[in-house]
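Reader: I have a model open and want to go through its packing. Where do we start?

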Amino acid sequence: MIGLHKDNIDFNTWCKNAISVGDDRTDYTGLIGQSDKLTENLRTVKSADCILVEPVNSIESIVSLIASFNYEANIFVSPSLNQLSFQAPHFCSHHIRSKPGYEPEVEHGPDVKNDPLPFSGKIFVTSSGSIGTPKIIMYAKDIFVKNSLNCMQRLGIKSTDRVLITTPIHHMYALGAALFPALLAKASIRLVKNTNVLKLRDEL
C-alpha cells in the first residue's frame with residue numbers, strides 16, 4: 001500500500017539508502033524483508049479487527065507500521081500504553097509489540113479486547129497533545145497514504161535526500177508528514193531516539 005516494492009525502485013537506491021536509529025541500521029531490502037515476514041503473521045487477523053501498534057523511534061517499529069499498513073485490517077497507532085493517561089481502545093483485538101533489538105511479534109493478550117469495528121482499512125492516529133488533550137483522528141488508509149504522497153511532492157523529498165525525524169512517530173505529524181513521505185520517496189531516514197532535542201546538533 002505504501003509503494004515499497006522492488007519493481008519500482010532502482011537497485012542502488014534499494015540497497016544503499018539507509019534507515020538508521022542510533023547505532024542500528026538497515027537498508028530498504030532488510031526493511032521490506034522484515035515487514036513481509038510480519039505481514040504473513042497477520043493472515044489470521046480479520047479485516048474488521050483492529051491492530052494496536054505502539055511505535056517508538058526504532059527500525060522495528062517502522063517494520064510494524066509497514067506490515068500493519070499493508071494489511072487490510074484497521075490500525076490504531078498508539079503512544080506507549082505505559083503512559084498512565086492512555087489505555088488500549090476496546091476495539092483493538094491484536095497487538096504488535098516491537099522492542100528495539102527484537103523481531104516484532106503479533107500478540108493476543110489481556111490488554112486488548114475483541115469488539116470488531118463495522119469497517120476495515122482505517123487508521124487511527126493521535127495528535128501530539130501540545131495544546132491540550134491528544135485527539136484521536138481516523139483516516140482511510142489510502143487517504144492517509146495520498147496525504148503523505150502530497151507531503152512528499154510538496155516538500156520535494158527525493159530518493160537522494162536524507163530525512164531527519166526528531167519527533168515521536170506515533171504522532172500524526174511525524175507519521176504522515178515525515179516518516180511516510182520519506183518512505184514513499186525511498187529516501188535515507190535518520191530517527192532520533194527518545195526525542196532528545198539536546199542531541200539534535202549531533203545528528204545534523
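Author: Start with a definition. Rings of Phe, Tyr and Trp (its six-membered ring) pair if their centres lie within 6.5 Å. Keep in mind that this is a predicted model.

Reader: How many aromatic pairs does the structure hold?

Author: The 6.5 Å limit on ring centres decides what counts. By that limit, the number of aromatic pairs in the structure is seven.

Reader: Take Phe69 and Phe144. Is that pair stacked, edge-to-face or tilted?

Author: Planes under 30 degrees apart count as stacked, and over 60 as edge-to-face. The ring centres of Phe69 and Phe144 are 5.9 Å apart, and their planes stand at 45°. That angle fits neither class, so the pair is tilted.

Reader: How many residues apart are Phe69 and Phe144 along the chain?

Author: Phe69 belongs to helix α3 (residues 59–69). Phe144 belongs to helix α4 (residues 141–155). The pair links distant parts of the chain, and the separation is 75 residues.

Reader: Tyr139 also pairs with Phe144. Which class does that pair fall in?

Author: The centres of Tyr139 and Phe144 are 5.3 Å apart. The angle between their planes is 75°. Over 60 degrees, the class is edge-to-face.

Reader: Is Tyr139 buried, partly exposed or exposed?

Author: Buried means under 20% relative accessible area, and exposed means over 50%. Phe144, at 4%, counts as buried. Tyr139 has 22% relative accessibility, so Tyr139 is partly exposed.

Reader: Which residues do ring pairs link into a cluster with Phe69 and Phe144?

Author: Tyr139 is one of them, through its pair with Phe144. Ring pairs also bring in one more Phe. The residues asked for are Tyr139 and Phe180.

Reader: Which residue puts its charged end over the ring of Phe69?

Author: A Lys counts here if NZ is within 6 Å of the ring centre and within 35 degrees of the ring normal. The charged end in question is 5.8 Å from the centre of the Phe69 ring. The residue is Lys141.

Reader: How are α2 and α3 oriented to each other?

Author: The axes of helix α2 (residues 28–40) and α3 come within 8 Å. They cross at roughly 55°, and the crossing is right-handed. Angles from 65 to 115 degrees count as roughly perpendicular, and those under 35 as roughly parallel. Neither applies, so α2 and α3 are oblique.

Reader: How many residues of α3 are buried?

Author: The helix is mostly covered. Its buried residues include Ile59, Ile62 and Phe69. The count is eleven of eleven.

Reader: Which helix gives the most to the largest nonpolar core?

Author: That core has 43 residues, and Leu175, Leu179 and Leu183 are among those with the most contacts inside it. One helix, residues 172–185, gives nine residues. That helix is α5.

Notes: Residues numbered from 1 in each chain as written. Predicted model: local features only at pLDDT ≥ 70, side-chain atom pairs only at ≥ 80, totals over all residues. Heavy atoms only, no water. Core = buried A, V, L, I, M, F, W, Y, C linked by side-chain atoms within 4.5 Å. Buried < 20%, exposed > 50% of the residue type's maximum accessible area, 1.4 Å probe, protein only. Helix = DSSP H or I, 4+ residues; strand = E, 2+ residues; numbered from the N terminus. Axes fitted to C-alpha atoms, helices over the stretch in contact; angles between N-to-C directions. Parallel < 35°, antiparallel > 145°, perpendicular 65-115°, else oblique. Left-handed = near helix turned anticlockwise from the far one by under 90°.
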